[in-house]
Amino acid sequence: MATTVRRAVLNLPAAPLGPENPLPVLRAPADAHTLDERSREGLPRDMARQIGYEPLRSLLPVRLRDGYRRRRQEREFEAVVLENAHLRVTVLPGLGGRVHSLVHVPTGRELLYRNPVFQPANFALNGAWFSGGIEWNIGATGHTTLSCAPLHAALVPAPDGGVMVRLWEWERLRDLPFQVDLWLPEDSEFLYVGVRVRNPHERPAPVYWWSNIAVPEDPGTRVLAPADEAWHFGYERSLRRIPVPRWEDQDRTYPLSSEYPADFFYEVPDGTRPWIASLDADGLGLVQTSTARLRGRKLFVWGSGEGGRRWQEWLTEPGTGGYAEIQAGLARTQLEHVRLEVGAEFSWLEAYGPLAADPGAVHGPDWAAARGAAEAALAAALPPERVEEAYGAWLGCADTEPGERLAAGSGWGALEVLCGGFELPGTPFEETGLGEAQAPWLELWRTGVFPAPRRVAPPGPSLVAPHWRDMLETAPADPLTEYHLGVAQWHAGDVAQAVRSWERGLALAPSRWPLLRCLAVADALAGDPARAAQRYAEAFEDLAEESRGGEPWTAAESALGREAMATLLAAGRLPAARAVWDRLRPALREEGRFRLLAARLLAAEGHVGAARRVFEDGFELPDLREGDEILSEVWSRITHRPLPATYNFRMRPPT
């Protein structure tokens with residue numbers, strides 16, 4: 001059977017993504033993967049250096065995606081299907097290029113964990129993320145901001161004369177273009193994936209990459225990798241070297257043997273073939289291998305505890321089987337970023353396919369024999385020299401210009417390529433891809449003036465790279481330009497200049513709330529909660545006066561209302577917090593995030609019974625953040641009863 005590539009439509013029960021959050025993300029990301037300082041002592045020198053190399057200061061210029069809900073309806077997703085006699089691969093270009101399904105055709109066996117629903121949850125760096133399949137994570141520690149975003153996709157000639165699917169986009173946190181080429185040779189039992197990340201700038205860039213593979217979490221499933229040690233990272237934020245497979249009297253290569261969610265970063269020795277496999281009780285499952293550039297391997301488990309099981313339910317339909325993740329990355333751990341020099345690129349080839357190994361050896365007590373059985377099965381199915389040959393052949397096609405277009409990504413890459421004059425063969429970011437979001441920035445580049453909006457609306461997205469900041473500094477200083485300039489200066493670490501820009505803009509602004517909100521964040525981070533609270537109160541009042549109908553305004557009220565109420569409550573400004581609540585649209589008050597704020601407000605006002613009834617009546621927090629313990633914290637303030645299981649999302653042991 002010759003390899004075919006076709007368009008398809010995938011139908012899934014899906015929650016709506018909703019609008020972007022219009023408030024610029026001025027605070028550093030609340031990252032559950034921040035390493036405790038005490039854990040840095042004694043780390044290998046290269047690991048310590050890369051952990052400290054260019055961590056994110058903010059998510060700018062990316063916006064939060066937190067407008068999603070949990071009520072699902074049937075929805076169609078555009079898909080691309082690659083198929084030969086051995087594998088059927090379903091790719092979703094509109095959702096970060098996620099490989100949704102990888103089916104072994106002769107047996108009909110699904111090799112991945114395939115989520116039966118599309119349910120966004122707050123796990124990506126910018127919010128919306130969903131579980132299942134194979135995802136391509138680029139940018140910084142965490143799930144990529146492109147998790148639920150469209151990528152460009154097209155057909156490209158494959159090295160064997162067939163066809164491959166190219167995905168590409170401009171990653172905005174690090175300002176880097178990347179491509180992912182999916183290639184299924186005619187008689188291959190393995191999907192090949194060629195990846196390239198390029199640095200077209202005149203400065204080095206920090207690079208992060210992890211390919212995350214969701215696999216079924218069956219009780220008899222074991223994860224194997226070529227390592228005798230691992231780095232354990234839990235949500236208590238400590239990193240420690242542990243033995244593999246047994247640690248603290250449990251075999252941690254079985255995902256359900258851990259009680260709490262955790263990462264196990266395998267210490268793969270230099271010169272060893274990198275691979276990782278998930279095999280069930282019969283020795284059957286999925287294996288991933290790669291060329292040497294992709295050195296890291298990891299197992300993530302949700303664990304068997306109540307909090308981990310609740311998260312598993314939250315991400316899919318109740319009653320659906322759970323999953324674990326096997327992963328492959330550029331560094332030993334996901335806490336690291338790797339330096340990419342000026343004009344250089346990172347590239348590698350990955351391979352995904354079925355594996356069958358002797359179950360007696362795979363699940364036996366001898367770890368070396370178990371690992372060896374899987375490694376021998378992989379060598380027989382896909383010798384390492386064949387991967388190297390495929391990589392060399394793919395490199396010869398990496399610059400080939402795409403043919404038939406299958407999907408369109410964002411226009412941000414087109415804007416950067418046009419303004420920077422970059423040459424990126426193989427990944428065209430064409431001027432025709434520019435859209436409404438890029439239009440004012442294109443005009444700034446062409447005329448030196450940031451245009452006034454044609455209608456009253458919340459400000460559009462800000463750009464913060466040095467060249468955009470320079471253009472804003474020389475543009476006429478109207479209030480909207482000062483707003484965007486302040487955001488760019490803030491991102492650069494020039495807090496004093498950012499505050500001055502926002503204050504200049506505020507003096508003449510017809511719409512004051514965007515600038516007041518930025519100044520409120522600056523006050524809070526400067527240690528002045530009273531002034532931050534006052535400015536938040538003024539900002540929300542101004543927005544409530546100006547707000548109109550439509551999704552952008554509702555999104556602005558929701559975002560600013562949440563921040564304002566939380567800040568006012570923390571400052572003890574209860575009447576002002578109540579005033580924000582009273583001015584909210586009725587529909588917003590029914591949302592889970594505001595039900596929680598209502599409980600906090602009632603408790604602070606002394607109405608503890610009423611606060612408890614909010615929990616007893618039931619609500620859901622669609623954008624509950626990974627590792628956030630706000631539900632248990634509020635519950636503990638209003639009652640001594642045990643936390644109901646429906647609200648237990650705890651990811652770390654009690655302290």
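## A buried arginine and its surroundings

R172 is buried (under 20% relative accessible area, with a 1.4 Å probe and protein chains only) yet has no salt bridge, the nearest side chain of opposite charge, D175, being 6.2 Å away. A salt bridge here is a side-chain nitrogen of Lys or Arg within 4 Å of a carboxyl oxygen of Asp or Glu, and for charge Lys and Arg count as positive, Asp and Glu as negative, with His and the chain ends not counted.

The model is predicted, with local features needing pLDDT of at least 70 and side-chain atom pairs counting only at pLDDT 80 or more, whereas totals for chains, interfaces and linings use all residues. Residues are numbered from 1 along each chain as its sequence is written, and side-chain values use heavy atoms, with hydrogens and water left out.

G133 is likewise buried, with a relative accessible area of 2%, and its C-alpha lies 13 Å from that of G353, although the two are 220 residues apart in sequence. The table sets out where R172 and G133 lie and what they contact (heavy atoms within 4.5 Å), leaving aside residues up to four places away in sequence; strands are DSSP runs (E, at least two residues), numbered from the N terminus.

| Residue | Loop between | Contacts |
|---|---|---|
| R172 | β10 (163-171) and β11 (176-183) | P61, V62, W412, S462, L463 |
| G133 | β7 (127-129) and β8 (134-138) | R98, V99, H100, L112, Y113, N212, I213, A214 |

Of the 655 residues of the chain, 60% count as buried, and residues 24 or more positions apart account for 71% of the contacts with a separation of 6 or more. Along its principal axes the C-alpha trace spans about 70 × 65 × 50 Å.

How values were computed:
Helix = DSSP H or I, 4+ residues; strand = E, 2+ residues; numbered from the N terminus. Buried < 20%, exposed > 50% of the residue type's maximum accessible area, 1.4 Å probe, protein only.
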